[in-house]
Amino acid sequence: HGRCADAGHLRPFRGGMCSVFLLPVEPAMLTRMGILDRLTRKVRAFRPVFANRDLRRVLLAFLLFGLAKWGFRISILVFAYERGGPAETGLVAAIQLFPAALAAPLASVLGDRLRRDRALALGYAIQTVAVGGTAVALILEAPMWVVYVLIAVVAASITLTRPVQSALFAQLARTPDELTAANVVAGVIWGAFALAGPDPDRHR
């Protein structure tokens, strides 16, 4: 029981799909289909975050974390490809993945062992030192094993952020609406970086 947009009107679709040649869809059509209502509800879900100073700070840090993570990941893969081609790129990708998998169980309990705000700050501090160390090692042309070790430390420390942050949201939110909004905003930030970041065509 689906419907298609046809010159500003709804009509039942046939054959399980709507033709792409029926676009564009007028705003009134979006209203009838409920799309504008859903978008409005999502925008409204952001409002409680801006009313909570602590949540704003945590999400700003998460935004900067996303920039650093994706920037580092893409840059190091491009460097590996230029240095050793697909083989070294695959090696660096594995170095980034395996330490993260090993560190993930630790990350899941870190927020319970330490104060959650301190655990999050500790994760960011480790990431900052490791990323800075990687940059210095590359500039000084240090042995590649040093660079690989630092890459592994970065990858492992990155896993500390999201579990601790999710637990911290529940602690900082004053209402269920704020908790929902914080998770929505974090999801939007992460999804935007995942969509926009890893585009290898930009580096060719």
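**Exercise 1. The largest cavity**

Task: In this predicted model, the residues Lys69, Phe72, Arg73, Gln96, Ile151, Val154, Ala155 and Ile158 line the largest cavity; establish how much space lies in this cavity, which helices each supply at least two residues of its lining, and how the lining residues divide by class.

Solution: Begin with the search of the whole structure, which finds one cavity of 30 Å³ or more. The space in the largest cavity is about 50 Å³. Next, assign the lining to elements: helix 3 and helix 5 each supply at least two of the residues. Finally, sort the lining by class, which gives five nonpolar residues, one polar residue and two charged residues. Since Lys and Arg count as charged, Lys69 and Arg73 of the lining fall into that class because of the residue types assigned to it.

**Exercise 2. The second largest pocket**

Task: Describe the second largest pocket by its volume, by the helices that each supply at least two residues of its lining, and by the classes of the lining residues.

Solution: The volume of this pocket comes to about 170 Å³. Its lining is made by Ala61, Leu64, Phe65, Ala68, Lys69, Phe72, Tyr124, Gln127, Thr128, Val131, Val154 and Ile158. Three elements, namely helix 3 (53-113), helix 4 (116-139) and helix 5 (144-158), each supply at least two of these residues, and helix 3 gives the most, with six residues. Sorted by class, the lining holds nine nonpolar residues, two polar residues and one charged residue. A comparison of the two linings then shows that Lys69, Phe72, Val154 and Ile158 belong both to the second largest pocket and to the largest cavity.

**Exercise 3. A nonpolar patch on the surface**

Task: Determine which residues make the nonpolar surface patch of about 520 Å², which helix gives the largest share of the patch, and whether leucine 122 counts as buried, partly exposed or exposed.

Solution: The patch is made by Leu114, Leu122, Ile126, Trp145, Val149 and Val153. Helix 4 and helix 5 each supply at least two of its residues, and the largest share, three residues, comes from helix 5. To place one member more closely, take leucine 122, which lies in helix 4. Leucine 122 has a relative accessible area of 37% and is therefore partly exposed, since that class lies between the limits of 20% and 50%. As a last step, relate leucine 122 to a residue farther along the chain: threonine 161 is 39 residues away in sequence, and the two C-alpha atoms are separated by 9.3 Å.

**Exercise 4. Alanine 135**

Task: Find the element in which alanine 135 lies, its accessibility class, and its C-alpha distance to isoleucine 76.

Solution: Alanine 135 lies in helix 4. The relative accessibility of alanine 135 is 37%, so the residue counts as partly exposed. From C-alpha to C-alpha, alanine 135 and isoleucine 76 are 9.8 Å apart, although 59 residues separate them in sequence.

**Exercise 5. Salt bridges and the exposure of their partners**

Task: State how many salt bridges are counted, and for the partners of each one decide from the relative accessible area whether the residue is buried, partly exposed or exposed.

Solution: The count comes to three salt bridges. In general, side chains of opposite charge can pair when their charged atoms come close. Consider the pair of arginine 83 and glutamate 88, whose side chains meet in a salt bridge at 2.8 Å, N to O. Arginine 83 is partly exposed because its relative accessibility is 48%, whereas glutamate 88, at 11%, counts as buried. Turn then to aspartate 117 and arginine 115, which form a salt bridge whose closest N and O atoms are 2.5 Å apart. Aspartate 117 has a relative accessible area of 32% and is thus partly exposed, and arginine 115, with 48%, is partly exposed as well. The remaining pair is glutamate 178 and arginine 174, with 2.8 Å between the closest N and O atoms. Here glutamate 178 counts as buried at 6% relative accessibility, while arginine 174 is exposed, with a relative accessible area of 57%.

**Exercise 6. The chain as a whole**

Task: Give the number of helices and strands in the chain, their order from the N terminus, and the share of residues that are buried.

Solution: Seven helices and two strands are found in the chain. Read from the N terminus, the elements follow the order β-β-α-α-α-α-α-α-α. Of the 204 residues in the chain, 34% are buried.

How values were computed
Residues numbered from 1 in each chain as written. Predicted model: local features only at pLDDT ≥ 70, side-chain atom pairs only at ≥ 80, totals over all residues. Heavy atoms only, no water. 1 Å grid on protein atoms, 1.4 Å probe; cavity = no way out; pocket = protein on both sides within 12 Å on 5 of 7 lines; lining within 4 Å. Points joined across faces, edges and corners; volume = space filled by probe spheres on them. Helix = DSSP H or I, 4+ residues; strand = E, 2+ residues; numbered from the N terminus. Patch = residues over 30% accessible without salt bridge, like charges linked within 9 Å, V, L, I, M, F, W, Y side chains within 5 Å. Areas by Shrake-Rupley, 256 points an atom, 1.4 Å probe, with all protein chains shown as cover. Salt bridge = Lys/Arg side-chain N within 4 Å of Asp/Glu carboxyl O. Buried < 20%, exposed > 50% of the residue type's maximum accessible area, 1.4 Å probe, protein only.
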